[in-house]
Amino acid sequence: MAKFRYFTQPFTIKNLTLRNRIVMPPMCQYSAVDGVPNDWHFVHYTSRAVGGVGLIIVEMTNVAPNGRITPHCLGLWNDQQRDAFKRIVDAVHAQGAKIGIQIGHAGRKAQDCDDVVAPSAIHYGDLDYPGQNLKTPRELSKAEIQEIIQAFQDSVKRAVEAGFDLIELHGAHGYLIHQFYSAKSNQRQDEYGQDRMLFGERVINAAKAVMPEEMPLVIRISAQEYSTNGFDSDYGVEVAKRFAAAGVDMIHVSGGGNGALAEGKHPQFAAGYQVYLAHKVKQATNLPVIAVGMLDDPALADFVIGSGDADLVAVGRGLLRDPYWVLNAQYEQNASDSTPMNDIPRQYQRGFA
């Protein structure tokens, strides 16, 4: 078996050094009460740190109660939530991993909510999102937009206080920042409609104002919409360039999420199907990127990094199935020889001997 030469290497951005290039991306657990993380979240994230992941990004954590995807999603709109996160951060650090958190607002994709808001009063579409209790949102006033930008800033400040190593803003998958930069969901006539990327830029500015200079800020974007009348990757690159100019340090590149899949509007779903988007954004912005999308084959993850298409690889479903994905990948390539393995917890070393 060919040796893994790339995803096992450290990666440094600003003052943050990761022990390898594997990222656990945000994946909602729908297990919180009043937005507060609990024992489920503690075990879920700490076990992936034990398992050797370089960077763990906590699931979408919301800036307001009506910004949650469901009533069971995490929040950072109060200090009780902040203090509960600190326990998780400290445990992950004790196992040698770094941890970030994704801050977001669901906008019109908030389910079971009595006050659904969005850039424009446009329903997501029952046929587009079957089985979900979505309502037609009300259009945000300019004053309310400013309040949400402030809520993003307040949540980022709490995340810094909780000890997170990195902040990621959720600007993908049809949530509020994405809703603003997409013509499908933003038909405003004011400056936020005339300049659809303005809201995202102002959220970035607000986040940076309360972050330490040396702390990395990441944004996740949908670099292409896969739905009818959705934007193409050329527009997605313009979004990435605008947010890069606003000061983000890295871009987490995904796609879709703002409407039902339309024939001819999306790539074939196969291993690595969204890597081309990461490559295109990296080339256009000269920023490091995280690639995502069916990358849970270790050899493929290694190739994507080695080819230069991405700097980090997100392994989502693979890490849901196997908290020790990194350790097991290393074991499989080294089982036939005596090459030492890194990052094996002392308590588990017999299992990898």
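User: Hi! Why is there no bond between the sulfur of Cys 28 and the closest cysteine sulfur?

Analyst: Hi! The closest cysteine sulfur belongs to Cys 73 and is 4.9 Å away, too far for a bond; a disulfide is a pair of cysteine sulfur atoms within 2.5 Å. Bear in mind that this is a predicted model, where local features need pLDDT of at least 70, side-chain atom pairs count only at pLDDT 80 or more, and totals for chains, interfaces and linings use all residues. Residues are numbered from 1 along each chain as its sequence is written, and side-chain values use heavy atoms, without hydrogens and water.

User: OK. How many disulfides does the structure hold?

Analyst: It holds 0 disulfides.

User: And is Cys 73 buried or exposed?

Analyst: Cys 73 is buried, at 1% relative accessibility, while Cys 28 is partly exposed at 24%. Buried means under 20% relative accessible area, exposed over 50%, and partly exposed in between (1.4 Å probe, protein chains only).

User: New topic: which residues of helix 9 are buried?

Analyst: In helix 9 (residues 298-306), they are Pro 298, Ala 301, Asp 302, Val 304 and Ile 305. Helices are DSSP runs (H or I, at least four residues), numbered from the N terminus.

User: Where do those buried residues fall, seen down the axis of helix 9?

Analyst: They fall within an arc of 160°, so they line one face of the helix. The arc is taken from the directions from the helix axis to the C-beta atoms.

User: Nice. What follows helix 9?

Analyst: Gly 308 does, with a positive phi near 85°.

User: Last one: which residues is Phe 243 in contact with?

Analyst: Leaving aside neighbours within four places in sequence, its contacts (heavy atoms within 4.5 Å) include Ile 177, Tyr 181, Met 197 and Val 248.

How values were computed. Helices (H or I, at least four residues) and strands (E, at least two) are DSSP runs, numbered from the N terminus.
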